[in-house]
Amino acid sequence: DSAAIQAASDAAQAYGGGTVVFPRPSAFYKCDNQIDLTRYQGITWVGNGGRTEIKDDDSFCQLVYTGTASPFIQIRRTRGFLGIGIDFSYNNNSFTGDLVSTDFTNTPGGDVTYNPQFINCSCASTSPSIHSARSGMYLAGAVRANIKQCGFYWMDYGIIGYSADALSVPFSTAVTVQQNWFNELDVFGIANPHSQWSILQNVFEPLAGGGAAGGIATGILLGGRPDN
């Protein structure tokens, strides 16, 4: 379904912005390719569902990524992207990247992403046995981002503010991370928050198999994934 999702988003962008609606499918939306929204403005994705805790039913709108290229959803240099009620999932143990990414690179002028928002979404694998992804959301270069009432499961990190292997000027500014659920992550819930981050009312469950709180860490990821 990745081609159809890309085409619908392209059509909304061609009209100057708009809403792409994801009716709840009988199973899930299968995506074998990346979806690129670079430089799009005023795009909203609305799913019929969304989850902030682990569920074993079909009451959420699930986009399942089967590819290996990172990121799954590229929102670099977007303005005003809003995702509501979408489950961003992966089911490939060879995927070691980020599900959603602002993907900052230090090009002239910078790849700043303005006002991305995710509400009642989740980032996870399709199975507790799959933990290969680096993060649910990589937010380097994000300004005024809002991540609220979302769930993060079964990967290294839930949210990464920046990673020094990806940019020489690490920053993300005025990011609000509120009322989210971080559960069964291999390293930390949030890595490298930066300038003017507000992190409040979140739940950090134990690390996968570790028994310690998967909270917030800084000064890591200098070489990419922790095993590198």
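**Group meeting: one helix among many strands**

The protein chain I want to walk through today has one helix and 23 strands, and I should say at the outset that what we are looking at is a predicted model. Of the 228 residues in the protein chain, 52% are buried. If we take the contacts in the chain with a separation of 6 or more, 77% of them are accounted for by residues 24 or more positions apart.

Let me begin with the helix. Helix α1 runs over residues 2-14, which is 13 residues, and from its first C-alpha to its last it reaches 18 Å, close to the 18 Å expected at 1.5 Å a residue. Which residues of α1 are buried? They are Ser 2, Ile 5, Gln 6, Ser 9 and Ala 12, and because they cover an arc of only 125° around the axis, they sit on the same side of α1. As general background, an α-helix has 3.6 residues a turn, so residues three or four places apart point the same way. On the face of α1 turned away from that buried side we find the exposed residues Ala 3 and Ala 14. As for what covers the buried residues of α1, the list includes β1 (18-22), β2 (29-31), β3 (35-36), β4 (43-47) and β5 (61-65). Just after the helix, Gly 16 takes a positive phi of about 90°.

That brings me to the interior. The largest nonpolar core has 44 residues, and those with the most contacts inside it are Trp 45, Leu 63, Phe 88 and Phe 118. At least two residues of this core come from each of α1, β1, β2, β4, β5, β8 (86-90) and β9 (98-101). To take one of these residues in more detail, Leu 63 touches Ile 5, Phe 22, Tyr 29, Trp 45, Phe 72, Ile 86, Asp 87, Phe 88 and Ser 89, if we do not count residues up to four places away in sequence. Ile 5, which appears in that list, is also one of the buried residues of α1. Apart from the largest core lies another, of 11 residues, among them Phe 104, Tyr 157, Tyr 162 and Ala 191.

Next, a charged residue in the interior. Asp 98 has its place in strand β9, and since its relative accessibility is 6%, Asp 98 counts as buried. What does the side chain of Asp 98 pair with in a polar contact? The partner is the side chain of Arg 134, at 3.0 Å. Leaving aside neighbours within four places in sequence, Asp 98 is in contact with Ser 70, Pro 71, Phe 72, Arg 134, Ser 135, Tyr 138 and Ile 160.

Two of those contacts, Ser 70 and Pro 71, deserve a comment on their backbone, for the peptide bond from Ser 70 to Pro 71 is cis, with omega near 0°. Pro 71 itself lies in the loop between β5 and β6 (73-74). In general, most residues other than glycine have a negative phi, and most peptide bonds are trans.

With that in mind, there are two further backbone positions to look at. Arg 144 has a positive phi of about 60° although it is not a glycine; Arg 144 is found in the loop between β14 (142-143) and β15, and with a relative accessible area of 43% it is partly exposed. Gln 179, also a residue other than glycine, has a positive phi near 60°. Gln 179 lies in the loop between β18 (176-178) and β19 (181-183), and it is partly exposed as well, with a relative accessible area of 32%.

Finally, the cysteines. How many disulfides are there? The count comes to zero, where a disulfide would need two cysteine sulfur atoms within 2.5 Å. For Cys 123, the closest cysteine sulfur is that of Cys 150, at 7.1 Å, which is too far for a bond. For Cys 150, in turn, the closest cysteine sulfur is in Cys 121, and at 4.8 Å that is again too far for a bond. Cys 123 is buried, with a relative accessible area of 0%, and Cys 150, at 0% relative accessibility, counts as buried too. The place of Cys 150 is in the loop between β15 (146-148) and β16 (151-153). Cys 150 and Ile 119 are 31 residues apart in sequence, yet their C-alpha atoms are 6.2 Å apart in space.

Methods. Residues are numbered from 1 along each chain as its sequence is written. This is a predicted model: local features need pLDDT of at least 70, side-chain atom pairs count only at pLDDT 80 or more; totals for chains, interfaces and linings use all residues. Side-chain values use heavy atoms; hydrogens and water are left out. Helices (H or I, at least four residues) and strands (E, at least two) are DSSP runs, numbered from the N terminus. The expected span of a helix is 1.5 Å times one less than its number of residues. Buried means under 20% relative accessible area, exposed over 50%, partly exposed in between (1.4 Å probe, protein chains only). The arc is that of the directions from the helix axis to the C-beta atoms. Contact means heavy atoms within 4.5 Å. A nonpolar core is a set of buried Ala, Val, Leu, Ile, Met, Phe, Trp, Tyr and Cys residues joined through side-chain atoms within 4.5 Å. A polar contact is a pair of N or O atoms within 3.5 Å; within protein, one must be able to donate a hydrogen and the other to accept it, and residues adjacent in sequence count only if both atoms are side-chain atoms.
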